[in-house]
Amino acid sequence: MKNKYIIILLNIFCCVHAENYNWYTSSVYYPESLKESDYVNQFITNNDSIILKKITNTHDPENKFCHYESEFFLYSMMMTLDFKNEKAANELDRIINNFYKKYKIEKGLFVKDFLTFFHSDKSSIGNYTFEQNDEKFVRLISILFDNKKVGKVKSAYLKKIISKGDSTCYSSLEDTLKQKCQIIESLSPEDRFIYNYRTSKILLYSIYHIDRNKSPDGYFFLYNTIVNFYLEKEIVPSTDTAKLLMYLLEKAAEMKLPSAIREYNQFK
């Protein structure tokens with residue numbers, strides 16, 4: 001019984017308002033419904049936006065879905081774009097490959113272009129070419145990330161990765177994330193916050209959702225997942241990361257997703 005209440009207290013979810021897709025955290029627990037295992041296979045089969053939205057508000061009482069791979073993907077993306085770490089770029093390929101292999105699905109054009117971006121000169125994604133010296137990138141960083149630090153990350157180990165791109169610490173990061181996930185109940189309150197992977201749980205599902213049906217929801221979910229990661233870890237992104245974020249947001253806005261249009265308008 002004690003463990004049950006601990007799990008209830010520790011489950012912090014990344015959720016989405018159905019009407020406007022704004023992200024927020026909630027400690028609401030649904031012991032009788034919305035188990036992640038009930039929805040994942042449905043989503044992989046049907047690739048339905050409604051099911052994807054439900055996954056954002058699921059819980060995992062059986063601890064089948066740690067999502068440390070998604071968290072590691074986000075750290076690897078940061079190492080690639082912000083610190084030019086080619087090993088991290090290769091890890092992005094591996095994580096995506098493993099996800100597609102696990103669910104026996106084939107890669108589409110988006111995921112191929114998406115992964116190529118991390119190995120390229122960062123001037124384009126597929127047929128989408130970034131304008132040089134675009135002020136939107138600067139405005140995105142300024143509006144979303146500048147002056148947002150509040151001292152949430154206490155771990156010296158993580159700070160070396162986040163602030164310096166320390167490759168030695170990064171080399172043990174995946175194992176650390178997995179190990180922390182397995183002992184979540186025994187972590188300190190600070191570690192429970194920073195090693196809670198609910199903000200990254202929708203990442204790989206969103207990539208697949210875009211890849212399969214060019215979903216505006218997928219683009220906007222992926223944009224928000226990356227933004228939330230940078231905000232939670234108190235990282236001010238590089239211009240290359242801002243380019244990726246703007247690309248994802250613009251794609252969702254071009255597809256007339258109202259929440260994406262509102263978000264995009266603030267960077268014009």
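Where does Lys256 lie? We come to that loop in the last view; the legends below all describe a predicted model.

**View 1. The whole chain combines 15 helices with four strands.** Welcome to the overview. The chain has 268 residues, and buried ones make up 55% of them. Take the contacts with a separation of 6 or more: 70% of these join residues 24 or more positions apart. The accessible surface of the chain comes to about 12800 Å², and carbon and sulfur atoms hold 49% of that surface.

**View 2. Helix 12, residues 203-213, is largely enclosed by the rest of the structure, because nine of its 11 residues are buried.** If you would like to find them, the buried residues are Leu203, Leu204, Tyr205, Ser206, Ile207, Tyr208, His209, Ile210 and Asp211. Around them, the packing partners are helix 2 (36-46), helix 3 (49-55), helix 4 (68-83), helix 5 (86-102), helix 6 (109-119) and helix 13 (216-232). Follow the chain just past helix 12 and you meet Lys214, which takes a positive phi of about 55°.

**View 3. Helix 4 meets helix 8, residues 156-164, with axes that come within 9 Å.** The two axes cross at roughly 40°, which means that helix 4 is oblique to helix 8. On the helix 4 side of the contact you will find Tyr75, Met78, Met79 and Phe83. Helix 8 contributes Leu158, Ile161, Ile162, Ser163 and Lys164. Sorted by class, this contact has seven nonpolar residues, one polar and one charged.

**View 4. Lys122 sits in the loop between helix 6 and strand 3 (124-125).** This lysine has a positive phi of about 65°, although it is not a glycine. Is Lys122 buried or exposed? The relative accessible area of Lys122 is 10%, so this residue counts as buried, the cut-off being under 20%.

**View 5. Lys256 lies in the loop between helix 14 (239-254) and helix 15 (258-265).** That answers the opening question. Lys256 is not a glycine either, yet its phi is positive, at about 70°. With a relative accessibility of 64%, Lys256 counts as exposed, whereas Lys122 in the previous view is buried.

Terms used
Residues are numbered from 1 along each chain as its sequence is written. This is a predicted model: local features need pLDDT of at least 70, side-chain atom pairs count only at pLDDT 80 or more; totals for chains, interfaces and linings use all residues. Side-chain values use heavy atoms; hydrogens and water are left out. Buried means under 20% relative accessible area, exposed over 50%, partly exposed in between (1.4 Å probe, protein chains only). Helices (H or I, at least four residues) and strands (E, at least two) are DSSP runs, numbered from the N terminus. Contact means heavy atoms within 4.5 Å. Axes are lines fitted to C-alpha atoms, for helices over the stretch in contact, and angles run from 0 to 180 degrees between N-to-C directions. Angles under 35 degrees count as roughly parallel, over 145 as roughly antiparallel, 65 to 115 as roughly perpendicular and the rest as oblique. Ala, Val, Leu, Ile, Met, Phe, Trp, Tyr, Cys and Pro count as nonpolar, Asp, Glu, Lys and Arg as charged, and the others, Gly among them, as polar. Accessible areas come from the Shrake-Rupley method with a 1.4 Å probe; for residues, only the protein chains shown count as cover.
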